[in-house]
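Hi,

Here is the structure I said I would pass on. Have a look at it first, and then read my notes below.

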Amino acid sequence: MVEAKTRQRRSRRSSSKPARSAVPGENLHLRVPYITRRIPTLDLLDEESLQRIEATADRILAEIGIELREDAEAMALYRAAGAKVTELSSEAWNLKFEPGMLREILKTAPARFTQHARNPANSVEIGGDAMVFAPSYGSPFVMDLDNGRRYGTIADFENLVKLGQSSPWLHHSGGTICEPTDIAVNKRHLDMVYAHIRYSDRAFLGSITAPERAADSIEMCRILFGSDFVDKNCVIMGNFNTTSPLVLDGVTTEGIRTYAEAGQGSIHLPFLLGGAVSPLTMAGAVAQCLAESMASCALTQLVRPGAPAVLAGFLSSMSLRSGSPTFGTPEPALGSLVMGQLARRLEMPLRCAGNFSTSKRPDGQAMQQAMMSMMSAVQGGANYILHSAGFVDGLLSMSYEKFVMDTDMCGALHAYLKGLEVTEDTLGFEALAQNGPGEHMFGTDHTLRHYETAYWDSGLNDDLPFETWEEQGSIDAAQRANQRWKDTLAAYEAPHLDEATDEALKDFIARKKAATADAWY
């Protein structure tokens, strides 16, 4: 009789839905090329407060202005659009903008756009209700539990791209996932872009450290996608920083123009350290952030109306005892919520926050700070979240272990952002009715239909009883993550890349490297 009931239960399971893998953490039902949010944004400020921030941003732009350095062509574009230009020197100008001028220019920027991946199934939408997670960016050091903190190399760069590609909870390959310091500064961008192309089939960021490196990044995409496709579609983005407070330098604006001329995307990020390059008070920092990012974004539309541009903000607090930046604190998290509101009023995509931490190890501090910051991006409605995995040491280091820990939490956020579905089935009345009061529900039809998809299943957490955990070696989260990244790299298989395309990319890189001497600064 028991055997018959077991067969009957198995029959019900197999007929209700396809079999799914029982591997912990797979969560096949949550896997998507990008997240479509199903929960509302957290709108922190009322209309009057938002208007006061916008008015202060306008006042900054009209009365103080933006200083532009070493890019006469960008200056001419701003002047032709109506900016008041005051020459400070032969290579520097102050730009002032009447209230509303930049908002008018930005009306041609798309509210939502597609960044295409070489695997079309992995193309991402940026803007609206779409949300994209990407790894951390820009660290000169890497660290792991075995070898400690050290300068990053191209081998580390490739490993981290492979880890990102292997996680279903990231959607984008990122950009300078760490600095490959064993390759010359003027040539490493070629190896970095190639690593993203070769070891991932997701969308990625290109170089921004010099306009010619930006051009090389776009040219490699023309080899990968075809020139006609690149001219009509966004296949690469550049992540640009303003020089706060209130400066746009020529390397940045020339790079922005290079991406925009090619119809490619760009992110416009003020890095604001409270008390150092922005007001200590968060409302003032947000107003400055809005002013700087709008001024930078506007350049894209002056070059090529309709070019994708992403409003952005990196808001950071500071220890006033030591002068050190502090990350994962509540005030910048609140600022990120407000940046979400302001971006929606501009109808522009937003990049902000991420899994930030100043911890020097993948420990409790690292994850506590990371979640304070990451949840502000999630709740605030950010569309592109760089620094979603690996960020420690105040962005100076990329941690292999924290990368794995962060991606596991990104998986949980996939479930969180799906929201709560209320239907006759999810209300679960039949689960209670089938066996009645006092009876468990392990074998009910409702449980058997939903047990594989009702809850997110961590691939990393330890949820066993203490005694079992102790018997198995008392392994903590960082140690589990250490083993996980090693297992992931051992199992990694590169996505297919057409052989002729691969050879064309290698030939391009070889010719570029041969044409100039190495420069290490």
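Let's begin with one phenylalanine. Phenylalanine 271 is partly exposed, with a relative accessible area of 30%. Keep in mind as you read that this is a predicted model.

What does its ring do? Phenylalanine 271 forms an aromatic pair with phenylalanine 314, one of 12 aromatic pairs in the count. The two ring centres are 4.3 Å apart and the planes differ by 25 degrees, so this pair counts as stacked, the cut-off being under 30 degrees. The pair also links distant parts of the chain: phenylalanine 271 is in strand S13 (residues 271-273) and phenylalanine 314 is in strand S14 (residues 309-318), with their positions 43 residues apart.

Is phenylalanine 314 buried or exposed? Phenylalanine 314 has a relative accessibility of 2%, so it counts as buried. Phenylalanine 314 also pairs with phenylalanine 356: the centres are 4.5 Å apart and the planes are at 15 degrees, so that pair is stacked too. Again, distant parts of the chain are linked, because phenylalanine 314 belongs to strand S14 while phenylalanine 356 lies in the loop between strand S16 (350-352) and helix H12 (364-380), 42 residues apart. Phenylalanine 356 is buried as well, at 4% relative accessible area.

Now put those rings together. Ring pairs join Phe271, Phe314, Phe327, Phe356 and Phe391 into a cluster, so try selecting those five names in your viewer.

Rings also turn up next to charges. The charged end of arginine 149 sits over the ring of phenylalanine 141, at 3.7 Å from the ring centre. In another spot, lysine 162 lies over the face of tyrosine 199, and here the distance to the ring centre is 4.8 Å.

Last come the cysteines. A disulfide is a covalent bond between the sulfur atoms of two cysteines. How many disulfides are there in this model? The count is zero. Take cysteine 289: the nearest cysteine sulfur belongs to cysteine 352 and is 8.8 Å away. A disulfide needs the two sulfurs within 2.5 Å, so cysteine 289 is in no disulfide. Cysteine 352 is in no disulfide either, and its nearest cysteine sulfur is that of cysteine 289, at 8.8 Å. Both residues are buried: cysteine 289 has a relative accessible area of 0%, and cysteine 352 has 1%.

Cheers

Technical notes. Residues are numbered from 1 along each chain as its sequence is written. This is a predicted model: local features need pLDDT of at least 70, side-chain atom pairs count only at pLDDT 80 or more; totals for chains, interfaces and linings use all residues. Side-chain values use heavy atoms; hydrogens and water are left out. Rings of Phe, Tyr and Trp (its six-membered ring) pair if their centres lie within 6.5 Å; planes under 30 degrees apart count as stacked, over 60 as edge-to-face and the rest as tilted. Helices (H or I, at least four residues) and strands (E, at least two) are DSSP runs, numbered from the N terminus. Buried means under 20% relative accessible area, exposed over 50%, partly exposed in between (1.4 Å probe, protein chains only). A charge sits over a ring if NZ of Lys or CZ of Arg is within 6 Å of the ring centre and within 35 degrees of the ring normal.
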